[in-house]
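I opened the viewer with a fresh page beside me. Here is what I looked up, one item at a time.

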Amino acid sequence: MKKAILTMMTTAFFCFGLMGHARAMDGPGGVDIHGFIAQGFLISSEYNYLSHKSTDGSFEYNEMGINFSKDLTDKLRLGIQFFARDIGDAANNKVTLDWAYGDYRWRDWLGIRAGRIKLPLGLYNETRDYDFLRTSIVLPQCNYSDMLRDTLLAANGLSLYGNAIPLFGAGDLDYQVVMGALYADLDSGIEKYSNSALQGAGEIAGAVVYDTLYVGKIRWNTPLSGLALTADILKVRGKVPMLLLGNSVTMDSDIQHIRSGIEFTWEDLVLVFEYNYLDAENTTTLDANQMMLGEPAKLESETYYWGASYRFTDWFEVGAYYGVNYPDKNDKDGNDQPALGQPKHNAWQKDIALSLRFDIVQGWIFKLEGHKVNGTAEVLSVDNPDKSEEDWYYGAAKLTFSF
Amino acid sequence: MKNKIWIGVLIAILVGILCPLPQIAWAGDVVVIANKSVSDSSLSGEELKNIFLAKKSQWSSGGSINFAILKQGAAHEAFLKQYIQKTPDQFERYFRKLIFTGKGKAPTTLSDEKEMVSYVSSTAGAIGYVSSGTDTNAVKTINVQ
C-alpha cells in the first residue's frame, strides 16, 4: 500500500512537472489535489549535520507529499495528506500519514476537527514540511529540530478552533486547542536524537508513546497593520522504554513547552522572532522491580531566534536568521560539560544563516543557503564522536516543485 | 539576555496596544462588489480583510460568503495592498498554507473584471472587487468603512 502511494506521488509530480502545472488538480468527485516534491543537497565542514554523511556532501535530503480534500458542505470539510522524506539515515522515504481530519466549522469563532491534526506550535510547525512557503531551506534548528520533526508534527485527537474573534478595536484573535495522543516513529529521527542525548549510557528500546497531549495556541492580530503576536503551550506526558547501562528501564516524561512569537510584515519585508522555553521532568524506574533510579531529573531549555526576509522581485528573495539554543539553560557557559565528557561549547549552538530563494517559474523554486555555526549543542554524537571544533559551517541547496 | 528578550516582547505588545493605526479604508481605484442578494451594504476594513483571508465565512444575515479574487493585474494588487495588507505573493502563500495544512481551499480565481462581475452577479452570497471604472450595474457596491 505504501509503495503504491509513493509510486502515485512520484508519478503525479512527474506528470505535473512535465506539463508545467502549478495549480491544484481537480480529482474525481470535485476532490482538490495538491502536492510537492523537493530534492536537497547538504554539505558541512567538521560535523555530519542533518545527514550522517554531510561532510562528504549528501543528497539524502528530500521530501514529498500529496493531499486530497473536499468540501462536503459549506461547513464540513475532509482532507488527508501523505508524506515521505529522507534526512540522512533517518526517515528513509517511509510514507507517513501527515494529517487526516474532518473539519466542522459551526461558526467562525468555533469549529471542531477530529483525526490526525497538525500541532500549532510556534509560527512554523504546521507548515514546516513546505519549504516553498518560506525563504530558508532549513528552519532555525534551535526551535524546529528536523530530527524531531515527525514526532512533534501532529497528534491523533480532537481540536477546537476559532478565527477573527473581535477585540473591540484592539484587533482580533485566532485560537486553537488540540487534545490527543502522540506516537513517535522511531525511524523518523527521534531514536537517533535521543540516543545521542544519552551519550552512550543507554538507548531507546521500544515504542515511544505520549498518551496525553494538550496544545493551546492564540494569535493576536494587532491593530498595528502587519503585526501579529503568538503564544502557545504544549503539555505532554508519556513513557519512553530504554536500555540504561544494560538494564531495561522506563522513563516517565512530563514535558511543558512554552513558545511566543512576533511576526511583523511591512510590504515585502517580514520580521520574525520566536522564544521557546522547555521544562521537562523525567522519572526513571527499573522495569524489573519498579524501583525509581534516583530523583526525578529536571531539565530546562531555552531557545530563540530572530529572522528577516525581503522579496526584491517576483523571482528573488533573501532571508537571514540568527538562532540560539541552550539545551540546559542553567549551564549556558558550559561549565558542566567537561564532567559529561564534552567540550564547553557543547552547551550552546548559535547559527547565523543566509538564504537566497529563486522562483524560477510558477511552481518551481530553487534555494541556496549558508550557515556559520558556533557551538555543537545540536550536533549528534552518534554521527560525530569528536566534537572538539567550536566553529563550523554548513550549506544547503534545494529544488522544489509544488502544485 | 532573557531580560532583553522579554523587554523586546513587551515593547512589541505595547506598540500593538498603543498604536492602533486605523486600517486603510479608502476606496482608491478599487470598488468592492457583492451579489444583490447580500443584505450588508457596508463592511469594516477588518471584516473585509477577514472575508478575503477565509476567516469570516458568514454574512450578518447568516448566509455563506463566497469570495472571489482576480488572478492578477493592477486592481488585484491595489485591493490586496489597500485592504488585505499583503503583496500578491504573501496572499498566495497564505492560502497555500491553508491548503497544505487542510484548513482551507484555494479561493475562486477569475481571469478578468468582466468575469468577476459575472460571477458575483450570478452567485448567491458572492463578494469580489473590480477597478473603479468597471460597469457594476449587475451587482451592488459595498461601502468599506
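**Helix α3 of chain A**

I began with helix α3 of chain A, residues 190-198, and asked which of its residues are buried. They turn out to be A:Ile190, A:Glu191, A:Lys192 and A:Ser194. I should keep in mind that this is a predicted model.

Next I checked what covers those buried residues of α3(A). The cover includes α2, β8, β9 (202-204) and β10 of chain A. Just past the end of α3(A) I found A:Gln199, which has a positive phi near 50°.

**Chain A as a whole**

Zooming out, I noted three helices and 18 strands in chain A. The radius of gyration of chain A is 21 Å, and the globule rule gives 22 Å for 403 residues, so chain A is as compact as a globular protein of that length. I also wrote down the span of the C-alpha trace along its principal axes, which is about 60 × 50 × 45 Å.

How much of chain A is buried? I got 43% of the 403 residues. Then I looked at contacts in chain A with a separation of 6 or more, and 61% of them come from residues 24 or more positions apart.

**The cores**

I went looking for the largest nonpolar core and found one of 42 residues. The residues with the most contacts inside this core are A:Ile117, A:Leu119, A:Ala154, A:Ala155, A:Leu182, A:Leu213 and A:Val215. Several elements of chain A give two or more residues to this core, among them α2 (149-153), β7 (154-166), β8 (172-184) and β10 (208-221). β18 (391-402) of chain A is also one of these elements.

I picked A:Leu119 and asked what it is in contact with, leaving aside neighbours within four places in sequence. I listed A:Asn125, A:Leu152, A:Leu153, A:Ala154, A:Ala155, A:Val178 and A:Val215.

There is also a second, separate core of 32 residues, and this one includes B:Ile33, B:Ala54, B:Ile69 and B:Ile142.

**Three loop residues in chain A**

First I tried A:Gly122, in the loop between β6 (110-118) and α2 of chain A. Is A:Gly122 buried or exposed? I counted 26 other C-beta atoms within 10 Å, and 20 or more is enough, so A:Gly122 is buried. Not counting residues up to four places away in sequence, A:Gly122 touches A:Asn143, A:Asp232, A:Arg259, A:Gly261 and A:Glu274. I also took a distance from A:Gly122 to A:Met64: they are 58 residues apart in sequence and 23 Å apart in space, C-alpha to C-alpha.

Then I moved to A:Leu50, in the loop between β2 (32-44) and β3 (61-71) of chain A. A:Leu50 is not a glycine, yet its phi is positive, about 70°. A:Leu50 is buried, with 26 other C-beta atoms within 10 Å.

A:Ala91 came next, in the loop between β4 (76-87) and β5 of chain A. Its phi is positive too, near 70°, and A:Ala91 is a residue other than glycine. I found A:Ala91 buried, with 23 other C-beta atoms within 10 Å.

**Where the chains touch**

I looked up how many residues each chain brings to the contact. Chain A gives 39 residues and chain B gives 32 residues. On the chain A side I sorted them by class and got 15 nonpolar, 13 polar and 11 charged residues.

**Over to chain B**

Chain B has five helices and six strands. Of its 145 residues, 37% count as buried. From the N terminus on, the elements run α-β-β-α-β-α-α-β-α-β-β.

In what order do the six strands sit in the open sheet? I read β2-β6-β1-β5-β3-β4 of chain B, with mixed pairing. β2 (42-43) and β4 (108-110) of chain B are at the edges, each with a single partner strand, so one side of each has no neighbour in the sheet. β2(B) pairs with β6 (residues 140-144) of chain B in the parallel sense, over two bridges. In β6(B), B:Asn143 is the bridge partner of B:Ser42.

Last, I found α3(B) packing on the sheet, where it touches β1 (30-34), β3 (66-70), β5 (126-131) and β6 of chain B. The direction of α3(B) makes about 115° with that of β5(B). The buried residues of α3(B), residues 74-84, include B:Phe79, B:Leu80 and B:Tyr83. After α3(B) comes B:Gln85, with a positive phi near 55°.

Technical notes: Residues numbered from 1 in each chain as written. Chains lettered and ligands numbered in written order. Predicted model: local features only at pLDDT ≥ 70, side-chain atom pairs only at ≥ 80, totals over all residues. Helix = DSSP H or I, 4+ residues; strand = E, 2+ residues; numbered from the N terminus. Rg over C-alpha atoms; globule rule 2.2 N^0.38 Å. Buried ≥ 20, exposed ≤ 12 C-beta atoms within 10 Å, placed from the backbone. Contact = placed C-beta atoms within 7 Å. Nonpolar A, V, L, I, M, F, W, Y, C, P; charged D, E, K, R; others polar. Core = buried A, V, L, I, M, F, W, Y, C linked by C-beta atoms within 7 Å. Pairing = 2+ DSSP bridges. Axes fitted to C-alpha atoms, helices over the stretch in contact; angles between N-to-C directions.
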